[in-house]
Amino acid sequence: MNTTTTATAAPAAAHTWPRTIDCNGTAVQLDVIRAGDEAALLAFAEALPEQDLLFTYRDISQPRVIKAWIRESVDRDRLPTVLARVDGKVIGCTSLIHDDFSWSPHVGELRVVVGAEARGLGLGRQLIQASFAQALALGLEKLVAQMTTDQRASIAMFESMGFRAEALLANHVRDRSGRKHDIVMLSHDVNEVAARLSAYGVGG
Ligand SMILES: CC(C)(COP(=O)(O)OP(=O)(O)OC[C@H]1O[C@@H](n2cnc3c(N)ncnc32)[C@H](O)[C@@H]1OP(=O)(O)O)[C@@H](O)C(=O)NCCC(=O)NCCS
């Protein structure tokens with residue numbers, strides 16, 4: 001069975017925050033990150049399995065990293081982030097990194113993490129759709145996501161949403177024990193999806 005889906009979310013829902021989604025029977029609230037979210041985000045990061053923290057781009061268990069993240073997202077509006085919550089507790093998040101003043105203003109990078117206890121419920125897929133909708137709204141043309149080559153489940157998930165491996169960078173990240181790992185960069189042509197939506201008369 002071909003399970004490939006597009007990462008595209010219904011564009012009409014892109015600007016409605018907060019909103020509640022269904023994850024395998026659990027009601028999960030999605031909302032953009034807000035100034036008061038520091039403690040909840042830190043608690044989420046601290047509860048992540050060591051294995052995941054080894055490979056996050058920045059060490060999000062550090063309060064100063066969380067502070068900078070919120071500053072970029074909320075104060076400077078440069079790092080659109082969506083948090084997923086159940087009963088107020090953060091169980092996952094997605095961020096879209098992009099820089100209008102870089103040499104790739106048309107490219108966004110996705111970073112998504114779901115807490116260990118919430119995995120396999122479809123949340124990762126819905127968080128990526130939320131970021132994808134934000135990318136469309138921002139007019140980004142290409143999305144990339146980076147992960148170590150041993151993150152097989154993540155790679156399979158991104159591929160099932162239309163991302164394709166574009167580059168392999170050898171020994172590119174170093175874990176806390178000092179070991180180096182290869183990373184794969186996956187990419188998705190947002191522009192092409194937007195054109196397809198427009199051809200079908202879906203827009204807004
Ligand atoms: C990648 C990640 C976000 C997926 O989150 P999730 O909420 O478990 O994902 P979903 O439940 O939406 O699953 C999406 C698909 O991936 C597959 N999948 C998820 N976890 C899997 C696993 N451990 N093994 C095999 N497949 C898996 C599911 O089968 C699902 O496919 P389906 O919808 O056809 O059934 C999560 O595993 C994670 O946070 N990993 C660590 C951080 C990371 O690698 N981020 C990606 C780099 S930015």
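Student: In this predicted model, in which sense do strand β2 and β3 pair, and over how many bridges?
Tutor: Strand β2 covers residues 26–32, and strand β3 covers residues 81–86. Within this pairing, Val 32 stands opposite Val 82. The two strands run in the antiparallel sense, and the number of bridges is 4.

Student: Which residue in the turn between β3 and β4 has a positive phi?
Tutor: Strand β4, residues 89–97, pairs with β3 in the antiparallel sense over 6 bridges, and Ala 84 stands opposite Gly 92 there. The two strands form a hairpin with 2 residues between them. The turn residue with a positive phi, of about 50°, is Asp 87.

Student: How many of the residues of strand β3 are buried?
Tutor: Strand β3 pairs with β2 over 4 bridges and with β4 over 6 bridges. Strand β3 is mostly covered. Of its 6 residues, the number buried is 5.

Student: Is Asp 37 buried or exposed?
Tutor: Asp 37 lies in the loop between β2 and α1 (38–46). Leaving aside neighbours within four places in sequence, Asp 37 is in contact with Val 32, Ile 70, Leu 83 and Arg 85. Its relative accessibility is 9%, which is under the 20% cut-off. Asp 37 is therefore classed as buried.

Student: Why do Cys 23 and Cys 93 not form a disulfide, and what is the total count of disulfides?
Tutor: Cys 23 is buried at 1% relative accessibility, and Cys 93 is buried at 3%. A disulfide requires cysteine sulfur atoms within 2.5 Å. The cysteine sulfur closest to that of Cys 23 belongs to Cys 93 and is 14 Å away, so the separation is too far for a bond. The count of disulfides is 0.

Student: Which residues touch the most other members of the largest nonpolar core?
Tutor: This core has 18 residues. At least two of them come from each of α4 (123–138), β6 (142–148), α5 (152–160), β8 (180–189) and α6 (190–199). Apart from this core lies another, of 17 residues, among them Ile 33, Phe 44, Cys 93 and Val 113. In the largest core, the residues that touch the most other members are Leu 110, Leu 143, Met 147, Phe 158 and Phe 163.

Student: Which side chains place an N or O atom 2.8 Å from an oxygen atom of the ligand?
Tutor: The ligand is surrounded by 20 residues, and the closest are Val 114, Gly 120, Gly 122, Gly 124 and Ser 154. Val 114 places a backbone N or O atom 2.8 Å from a ligand oxygen, so this contact does not involve its side chain. Side-chain N or O atoms at 2.8 Å from a ligand oxygen belong to Gln 151 and Ser 154.

Student: Which residue is joined to Asp 59 by a side-chain polar contact of 2.6 Å?
Tutor: Asp 59 is in the loop between α2 (50–55) and α3 (63–75), and with a relative accessible area of 24% it is partly exposed. Not counting residues up to four places away in sequence, Asp 59 touches Leu 53, Val 65 and Arg 176. Its C-alpha is 8.9 Å from that of Ala 45, with the two residues 14 apart in sequence. The side-chain partner at 2.6 Å is Ser 61.

Key: Residues are numbered from 1 along each chain as its sequence is written. This is a predicted model: local features need pLDDT of at least 70, side-chain atom pairs count only at pLDDT 80 or more; totals for chains, interfaces and linings use all residues. Side-chain values use heavy atoms; hydrogens and water are left out. Buried means under 20% relative accessible area, exposed over 50%, partly exposed in between (1.4 Å probe, protein chains only). Two strands pair if DSSP finds at least two bridges between them. Contact means heavy atoms within 4.5 Å. A nonpolar core is a set of buried Ala, Val, Leu, Ile, Met, Phe, Trp, Tyr and Cys residues joined through side-chain atoms within 4.5 Å. A residue is near a molecule or strand if one of its heavy atoms lies within 4 Å of it. A polar contact is a pair of N or O atoms within 3.5 Å; within protein, one must be able to donate a hydrogen and the other to accept it, and residues adjacent in sequence count only if both atoms are side-chain atoms.
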